[in-house]
Structure formats: structure tokens, C-alpha cells
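Visitor: I have just opened this model and would love a close look at one small part of it. Could you pick a single spot, explain its surroundings, and then show me how the rest fits around it?

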Amino acid sequence: MKNFSLKNLVSELPSKDNILIIGLGFDTRCLNIANALNDSVNKTIGLVNLHSINETLDNLDKFNKYENSIVIGNEPISTMGLLDNLDKEISDINNDLLVDITSMSREMLLSLLAFLDEKFLISRTIFLNNCAESYGDWLSKGVLEVRSVLGYSGVLYPSRKLHLVILAGFEEKRVMSIIEQFEPNKITIGYGDGNSVIDEALEKTNIGNFRTIKRALLERLGYSESNINEFDFSSTDPASVKLTLEEILGSSFDDHNIIISPLNTKISSLGVGLYALEHNEVQICYAEAEIYNYPNYATASDIVQVFSVEKSL
């Protein structure tokens, strides 16, 4: 992974004949990378997040003013329909595919990764993320629905116990909603480690949230210490996340169904996706928030993370 400033981004990318895909959402960082690259790409495709469409309209209006821009999902559409439409737009791709994950939901990002894998495009994809300078006091509230992610339905056996793995972030109530819905027999909770997170304060927040969650599991939901495990993982290295999951889940397949919920960074969520693509029996679930902190979700920095991922053959 490399970090570049927005103003130097064009000169650092390998080609000027790329297709750029971005997530169109409410985040104030949504269009920063597209603004930096708009004159240097052949086509810019905006995938509208299926949640909070009304709050996305301002960014959508600005996006429509770009030359060679295409919007997918501005009318009611399923994730599968969105990817079908995307397939038509990139079927003739000759160069690298640029994917700006900054304002994509984790659900859309993971389904997009499965799509790229099916089309043998992962090795030709460069991911970009505009880092946040800071986050709001809260990110989301409530949970509308917990569902499996398209491309990662897994294989669940009625005779097996459930092992729920959560890569936690700031939203402890979202974590608790997932646990209460699934009522797992075994819980493994991870938090971003201090060697990889950009801000040490965010690391302390992650660890503090984990302790709050564990206390609630023990005192309110009646779990025992033996049924709760913890681990740390890289928030900025998908390959490392994949290896970490290999280590902690290597012996769990014999007697447990495994469901993973990635709630940390989108970069670490890609690592979860890579792991699940190689373990088809694993399900990934997504907890759709009821409301987000629309006006104060995050403030942008000038840093863009640029990286690729690999899937084992």
C-alpha cells in the first residue's frame, strides 16, 4: 500500500486510460478522488449506495456534471441488478480498473469484490481510499436489518453450532445487534491493532469498545469467558486480515458454521472478502444501519491510500 496526496494522485497512477468506479454516497469525501482524476480517466462510473439515497442527491448532482460519467443505481435496484449494469459498462476494459472505496458501503464493496473475482479482474484492479482526518462523535444509530452479502451466502448446517466472528470498529451497538440476532454459541471479536491504524486515538477507541462489548456479553447476555475470544488485525492490509482469519478459524470448520461480520475499515473488509472467496462455506453478513451521522460523519484528509489485492489460485 502507498499513500499519496490528492494533488499528486494523477502522476502516481500507472496509466491515464483507466475506468474509475466510485461509490456515490453522502460522505463529504465522496467526490474527492473523482475530482482529482476526472480529466485523466476514460470513464467514471458512480455506483449509488442503496441506503440513504436522498442524502446522496447533492453528490449525485455534482457527479452528473463530469464528462464521460455514468450513474448506476439512481433508480430502485438490487445489488445484483447494479452489478449486472456495471458488467455492461466495463465489458470492453483494456487497462486497469480504478475503484474508489471511500464512500461505498461495505456490502457494496464486498459484492463488487466477488464480481471482480468472477470476471477475473481482481489482478487488474487498483483500489483507492481517501482517508478521514477525523470522524464525528457517532457514525450510525440503530440496525434496520442483518443479512448475508451477495456472493458470500456460505453453507450453514442445521446440526452445527454457530461461530460468529466480528471485526469491530467504533459502533458497539451495531455489534450487539448482530450478536443478539444470531445468538451464536461462540463469539470471536477483533479490533484494529496499533501497528496498522493511522491514528493511535482510533486504536484506543476500538479497544475500549471491545471491552464494553465483552462486559455486555458477560453481564447482560450470559456468555461465559470460554465462549468469547479476541484477536487483533490490521486495519490497513487486506492480505494480513486474510492470514489472521486463516489462523484463528483453521480448526473451526469441523463443528461450527462460521459467519463473519466486518465492521472496521473498508480495507480490512476486503481482507474478509478475500478469505471468504477461498472458503465458500463461510458466510459474510452486513448490518444495515437505520441512520447515519450525515452532516458530521467524517472530514477528509489529503491522503489517498492506493493498493491492490491478490486472491490465491
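Guide: Let's go to T102, which sits in the loop joining β5 (97–100) to α5 (106–118). Keep in mind as you look that this is a predicted model. Is T102 buried or exposed? Its relative accessible area is 2%, and anything under 20% counts as buried, so T102 is buried. Now see what surrounds T102. Setting aside neighbours within four places in sequence, T102 is in contact with D27, R29, I33, L128, N129, N130 and K266. With N130 there is a polar detail to find: a polar atom of the T102 side chain lies 2.9 Å from the backbone nitrogen of N130.

For contrast, try another loop residue. P14 lies between α1 (9–12) and β2 (19–24). Its relative accessible area is 60%, and the cut-off for exposed is over 50%, so P14 is exposed. Beyond its neighbours within four places in sequence, P14 is in contact with D96 and I126. You can also look from P14 across to N95: the two are 81 residues apart in sequence, while their C-alpha atoms are 9.8 Å apart in space.

Next, the helices. Helix α8 covers residues 238–249, twelve residues in total. From its first C-alpha to its last it reaches 16 Å, close to the 16 Å expected at 1.5 Å a residue. The buried residues of α8 are P238, V241, K242, T244, L245 and L249. Viewed down the helix axis, these buried residues fall within an arc of 160 degrees, so they line one face of α8. On the other side of α8 you will find L243 and E247, which are exposed. Which elements cover the buried residues of α8? They include the strands β8 (161–167), β10 (228–233), β11 (256–262) and β13 (298–307), together with helix α9 (266–278). Before leaving α8, look at its N-terminal end, which is capped by D237. A side-chain oxygen of D237 lies 3.1 Å from the backbone nitrogen of A239.

Helix α3, residues 53–63, can be read in a similar way. Its buried residues are T56, N59, L60 and F63. Seen down the axis of α3, they fall within an arc of 110 degrees, so they line one face of this helix. Among the elements covering them are β2, β3 (43–48) and β4 (69–72).

Now zoom out to the whole protein. Its secondary structure comes to nine helices and 13 strands. The C-alpha atoms fill a box of roughly 55 × 40 × 35 Å, taken along the principal axes. A compact globule of 313 residues would have a radius of gyration near 20 Å, and the protein, with 19 Å, agrees with that. Buried residues make up 54% of the 313 residues. Of the contacts with a separation of 6 or more, 83% are between residues 24 or more positions apart.

How confident is the predictor, and where does its score drop? The average pLDDT of the protein is 88, and 95% of the residues score at least 70. Over residues 194–198, though, the pLDDT is below 50, and this stretch has ten contacts in the model beyond near neighbours in sequence.

Note on methods:
Residues are numbered from 1 along each chain as its sequence is written. This is a predicted model: local features need pLDDT of at least 70, side-chain atom pairs count only at pLDDT 80 or more; totals for chains, interfaces and linings use all residues. Side-chain values use heavy atoms; hydrogens and water are left out. Helices (H or I, at least four residues) and strands (E, at least two) are DSSP runs, numbered from the N terminus. The expected span of a helix is 1.5 Å times one less than its number of residues. Buried means under 20% relative accessible area, exposed over 50%, partly exposed in between (1.4 Å probe, protein chains only). The arc is that of the directions from the helix axis to the C-beta atoms. Contact means heavy atoms within 4.5 Å. A polar contact is a pair of N or O atoms within 3.5 Å; within protein, one must be able to donate a hydrogen and the other to accept it, and residues adjacent in sequence count only if both atoms are side-chain atoms. pLDDT is the predictor's confidence in each residue, from 0 to 100. The radius of gyration is taken over C-alpha atoms; the globule rule is 2.2 Å times the number of residues to the power 0.38.
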